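Work through the exercises below with the sequence and the model side by side. Try each task before reading its solution.

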Amino acid sequence: MRPPCGTLYPAAVLSNTLCGTEYGEAGESRRLKVRGNKLAPLLAVIGGAIVLIGAIVVASQLSHKSSKTSTIQTDSIAEMLQGVPQKGIELGNPNAKVILSEISDPQCPYCADWAREVFPTLVQDYVRTGKLRIEYQGLSFLDDNNLSGVSKDSDRLLNLAQAAGLQNKLWNVVELEFENQGTENTGFATDDFLKGIAEAVPGLNADKAIAASNTNAVVGPINAATAFMTANFKSLEKVMTPSFVLKRNGTAKSVKIIGAQPLATFTDAIDAQLKK
Amino acid sequence: MSERYLRWAVATLALIGAGIAGYLTYTHFRGFPPVCFTSGCEIVQNSRWSKLFGIPVALLGLLTYLSIVATTLVRHPLAKQAGAMIALVALGFNAYLLYIQEHEIGHYCTWCVSNEIVSLVLAPVAIAWLLSTDEREGTGAS
């Protein structure tokens, strides 16, 4: 470090120092030492950062490792929905006092979280008891048209769900798709995957559903879901999936629940509607 | 540039980054999409890449930037080293997130890209800060 002019320094230092300038071999040695002193922590910082970045990236890759499976995981979805009336996009009593409309994309991971963590309890406590009807307003907006190969996973999953709705088995397919959801836009919704889903639904004619999923028969409910979303949220940019619209049957006034909120948010809102 | 100005620059950039990350964290927990010129923000925020081991990446970013701000408040060579290292890690992780947006999600979140630009500027400034000399410390990095 250079001393300012006028600073009193010991003779040993002054011998190589004049007004902040160091001269001679000792001064050169000192400059090299200072430079070394600065480089050492810089190298340590860079080295440490590289190690940390590597660790984070590896951890991220491991935590997002594709959940693709060769066999469809059915868990207890069929059991959960067994005996619950279904008609098209509707699940539950047609005359239920309260209606909950779910806006979601079949590739959306938060929608899958909600399907696993909240949906089963709502079915058990409110749908089975006839108090609540849930409607599926499925959207397809996570498909990526910018990637090479053009992924159409959302479209394919949504089409199959709506095709199953023609046989009143939409909810079984939707829940199975969430249960077996793969990594977005990786093309995981292959023909085999869709066939596996369809064949795992009791009472669904899989071949018929897959055939219908490639026809205009599914366009109507998909357009209706888009219209529903627009009517409630104006545009796709203003809705986060999953989003929900809750209302009493026969009334227009509704309550919106945005995001995969915890169970209590839904039970509180539904209970409030039931008390009205 | 003097150590003092570099310290301020690091703190200011980190606060800008914290502001962006804080806004994304807020929208995440409030459950509404961030204000965005495209639908990319919502798609990226909805993607599985928006969380790391169940923790929202936006929250991690907020904590990271606040940590950098904290290092600028402590006048010690180790604080500089910690600040510079965190800034470099933030830059590396943001580069990774940019790669994910391009190759895995296929959409860009303008807020995320803004944060990536902040980290791109912040890292070299933090390195310059590390190498600068604080008169109170003696040598800047020891």
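The exercises move from one chain to the cores, and then to a sheet and a helix.

This is a predicted model, in which local features need pLDDT of at least 70, side-chain atom pairs count only at pLDDT 80 or more, and totals for chains, interfaces and linings use all residues. Residues are numbered from 1 along each chain as its sequence is written, while chains are lettered from A and ligands numbered from 1 in the order in which they are written.

**Exercise 1.** Find which pattern of helices and strands chain B follows along the sequence.

*Solution.* Begin with the elements, where helices (H or I, at least four residues) and strands (E, at least two) are DSSP runs numbered from the N terminus. Chain B has five helices and two strands, and reading along its sequence gives α-α-β-β-α-α-α. Next consider burial: a residue is buried if 20 or more other C-beta atoms, placed from the backbone, lie within 10 Å of its own, and buried residues make up 49% of the 142 residues in chain B.

**Exercise 2.** Identify the residues with the most contacts inside the largest nonpolar core.

*Solution.* A nonpolar core is a set of buried Ala, Val, Leu, Ile, Met, Phe, Trp, Tyr and Cys residues joined through C-beta atoms within 7 Å. The largest one has 95 residues, and Leu160(A), Val173(A), Ala87(B) and Ala126(B) have the most contacts inside it. Its largest share, twelve residues, comes from helix H4 (residues 77-105) of chain B. A second, separate core of six residues includes Ile103(A), Ala225(A), Met229(A) and Met240(A).

**Exercise 3.** Work out which strands stand at the edges of the open sheet in chain A.

*Solution.* The six strands have the order E3-E4-E6-E5-E7-E8, with mixed pairing, where two strands pair if DSSP finds at least two bridges between them. Strand E3 (86-87) and strand E8 (254-258) of chain A stand at the edges, and each has a single partner strand, so one side of each lacks a neighbour in the sheet. Within the sheet, strand E5 (residues 98-104) and strand E6 (residues 132-138) of chain A run parallel and are joined by seven bridges, with Glu102(A) opposite Tyr136(A) in E6(A).

**Exercise 4.** Explain why the buried residues of H5(A) line one face of the helix.

*Solution.* First list the buried residues of helix H5 (residues 119-127) of chain A, which are Phe119(A), Leu122(A), Val123(A), Tyr126(A) and Val127(A). Seen down the axis of H5(A), they fall within an arc of 110° (taken from the directions from the helix axis to the C-beta atoms), so they line one face.

Terms used. Buried ≥ 20, exposed ≤ 12 C-beta atoms within 10 Å, placed from the backbone.
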